[in-house]
Amino acid sequence: MKLNAPVSSPRRVKAALMWPFALVLAFILTAFATTAYFLQVQARDRALSERVAAVAKLVDQKVDKDTNLMRAVLHTMQGIPGIAGAFANQDRAALLHEAGPLFKALRSEHGITHLYFNNPELVNLVRLHSPGEFGDEISRITTVQARKLNRPIHGLELGALGTLTLRMVAPWRDAQGVQGYVEMGEEIGHLVQEIHETLSVDLFVLVDKQFLPVQQWHHGLVLLKRKGNWDHFSQQVMVAQSSAQAPNALNDSVLVALRGGATKVFSQDEQTLHLAMLPLNDATGQRIGDLVVMRDISVLQKSFQRSITTVTLLSLLMGAFVLGLFYFSLDRVERDYQRKHDLEHQLLRVGTEHARILQIEKLSALGTMVGEIAHQLNNPLVGVVSLAQLAQREADDPVRTRELLAEIRHAGEDCHAFIASMLRFAKVSKFECHPTDLAQVVNETVLMFRQTVRRQIPVEMVFPEDRVVLVLDAILLRHALFNLMVNAAQATPDEGAIVIRLQGQMHPETGAPGWVLSVRDHGKGIAPEILDKVFTPFFTTRREGTGLGLPVVQHVALLHQGFVSVKNLPEGGTQFALWLPQATPNSPDHTTQTPAHVAQDFGR
């Protein structure tokens with residue numbers, strides 16, 4: 001840490017930070033506006049695509065509906081004796097008289113624009129929509145296919161007058177057989193108008209000029225009293241439309257783009273129009289033209305522009321506010337920066353003092369722990385001295401001498417085992433596990449506890465009837481249990497007792513089988529605010545404590561792949577529970593490496 005670092009000029013600091021921050025804000029605003037624009041375009045195109053799909057579906061539905069209507073009309077006409085008799089006699093005047101009123105009703109109520117009666121050779125007998133024309137042979141594909149297949153045929157088809165018509169041609173049968181063919185038609189303009197009213201879109205029907213001779217088209221205009229412009233498009237001619245006038249921007253280049261699958265947006269007379277295209281097929285499935293779908297999105301476009309403008313202005317105001325706030329905040333930062341050196345010196349002094357205090361605490365804890373170790377070794381060593389004196393007195397009795405020497409050796413082995421466990425705590429690198437009877441470990445630890453602790457406290461042990469044998473390190477487990485019993489003794493009043501319980505319990509998270517060795521006291525419990533700190537190394541609430549007993553217990557639990565928990569009991573007292581897994585290794589004796597993080601925490 002540099003104590004004499006130069007302080008930058010406030011003006012230069014502001015300039016260095018303000019410009020990049022302003023550029024970042026400008027970039028974010030631009031990115032936001034661009035993203036909003038493209039999202040709007042996607043939403044607009046998606047809405048038009050949905051309308052185009054709806055148009056295609058509605059066209060099919062209306063074609064099916066009107067075809068069914070025509071079939072029903074044909075079935076009705078076959079049941080009218082006057083029409084049936086006139087057609088059977090090929091009486092043209094009678095057909096005009098009998099079917100004329102019916103055709104007028106169909107035209108006014110259902111949009112039927114064509115009604116033909118043809119003889120079996122497909123020669124026209126009468127056109128009710130154009131009575132002056134008759135006697136010509138009808139060679140359209142729908143009529144030819146109805147005769148060839150001897151069944152009703154329907155579909156879109158160009159007529160002789162240059163009209164695109166939905167036609168239904170069906171054979172007329174009676175008891176003598178096929179008397180001829182009846183053809184009904186509905187000009188596509190009627191369908192276009194219905195779709196326009198249903199979906200609020202405008203439709204323009206374009207037919208390729210190669211399928212429509214110019215003379216035939218002009219003849220239809222004169223005969224049907226219509227208006228049209230053959231030269232408006234180079235390759236196509238408009239035969240039907242839902243609006244009175246097509247937009248001026250609809251030209252050959254736009255049609256080429258629409259035919260390629262694109263959509264077009266343009267403005268005209270304060271309107272914003274969105275165009276798309278569908279292919280138009282005749283009864284044979286051949287493409288004969290296109291159906292242009294146009295949607296007026298003026299309201300949507302204006303709403304979007306207002307939204308973008310409002311959001312942009314609000315963003316600019318917010319950006320200016322943030323820039324100003326950032327500018328004034330830099331002043332405070334610069335003033336704080338000028339006090340940097342004093343703060344660094346203070347932190348250095350505090351850090352040095354803290355390290356000194358921590359070292360004193362560690363040395364104090366180490367001295368306390370050495371005193372505890374000396375106290376725990378003193379009782380066995382006193383026994384060794386006493387037994388050695390007895391052995392000298394009983395030297396003449398070899399049997400008694402051997403018994404005393406065996407007791408001395410057992411006490412020495414206990415001291416050696418205790419010292420080894422202390423060394424393992426100081427620098428744990430591995431531990432050795434063997435099949436061990438838990439009840440035996442507990443009994444030995446209780447005996448050591450009674451010999452070591454000056455105050456005699458009752459100890460109650462609750463064990464299952466069957467032996468519980470686990471693969472573990474008995475020395476470390478005795479060490480951990482001894483620490484828990486010492487803590488319980490310090491917390492238990494004179495009239496209380498320590499309860500040690502062993503019972504089976506599944507792991508609360510994994511469900512693995514295991515055993516819980518719990519130690520309960522009858523004290524006042526642990527304060528809730530320090531309950532989570534009891535396993536922290538060197539943390540203690542007693543003046544003579546080292547703060548290492550419970551961390552040792554936790555360390556032993558982790559080495560055995562278990563865990564230790566603590567809780568205050570409702571009826572009073574505290575319970576520490578050491579969970580150990582039931583699973584055993586492949587071999588009875590094995591060595592397990594200590595986890596790296598555990599060795600680091602407890603090997604320092």
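Buried means under 20% relative accessible area. The views below show parts of a predicted model.

**View 1. Strand 4 and its cover.** Strand 4 (residues 164–174) is mostly covered, with nine of its 11 residues buried. Strand 3 (residues 153–158) runs antiparallel to strand 4, and six bridges join the two. One place to look along this pairing is leucine 156, whose bridge partner in strand 4 is leucine 166. In a regular strand the side chains alternate between the two faces of the sheet.

**View 2. The hairpin of strand 4 and strand 5.** Strand 4 and strand 5 form a hairpin, and two residues lie between them. Their pairing is antiparallel and extends over 10 bridges. Aspartate 174 has glycine 177 of strand 5 as its bridge partner. Elsewhere in the hairpin, valine 169 stands opposite glutamate 183 in strand 5.

**View 3. Strand 5 and its pairing with strand 1.** Strand 5 covers residues 177–187, and nine of its 11 residues are buried, so strand 5 is largely enclosed by the rest of the structure. Besides the hairpin with strand 4, strand 5 pairs with strand 1 (residues 114–118). This pairing is antiparallel and has five bridges. Tyrosine 116 has glutamate 183 of strand 5 as its bridge partner. Glutamate 183 is also the residue that valine 169 stands opposite.

**View 4. The open sheet of five strands.** The strand order in this open sheet is 12-14-15-17-16, and the pairing is mixed. Strand 12 (459–462) and strand 16 (563–568) are the edge strands, each pairing on one side only. From one strand to the next, the twist averages 15 degrees.

**View 5. Strand 12 beside strand 14.** At one edge of the open sheet lies strand 12. Strand 12 pairs with strand 14 (residues 498–504) in the parallel sense, over four bridges. Within this pair, glutamate 460 stands opposite valine 499 in strand 14.

**View 6. Helix 13 across the sheet.** Helix 13 (residues 549–559) lies across strand 16 and strand 17 (574–581). The helix runs at about 135 degrees to strand 16, which is an edge strand of the open sheet. Eight of the 11 residues of helix 13 are buried, so the helix is largely enclosed by the rest of the structure. The buried residues are Leu550, Pro551, Val552, Val553, His555, Val556, Ala557 and Leu559. Just after helix 13 comes glutamine 561, with a positive phi of about 60 degrees.

**View 7. A nonpolar patch on the surface.** Val24, Phe27 and Ile28 form this patch, and together they have about 310 Å² of accessible area. Valine 24 belongs to helix 1 (residues 10–78). With a relative accessible area of 43%, valine 24 is partly exposed, because this class lies between buried, under 20%, and exposed, over 50%.

Notes
Residues numbered from 1 in each chain as written. Predicted model: local features only at pLDDT ≥ 70, side-chain atom pairs only at ≥ 80, totals over all residues. Heavy atoms only, no water. Pairing = 2+ DSSP bridges. Axes fitted to C-alpha atoms, helices over the stretch in contact; angles between N-to-C directions. Contact = heavy atoms within 4.5 Å. Patch = residues over 30% accessible without salt bridge, like charges linked within 9 Å, V, L, I, M, F, W, Y side chains within 5 Å. Areas by Shrake-Rupley, 256 points an atom, 1.4 Å probe, with all protein chains shown as cover. Salt bridge = Lys/Arg side-chain N within 4 Å of Asp/Glu carboxyl O. Buried < 20%, exposed > 50% of the residue type's maximum accessible area, 1.4 Å probe, protein only.
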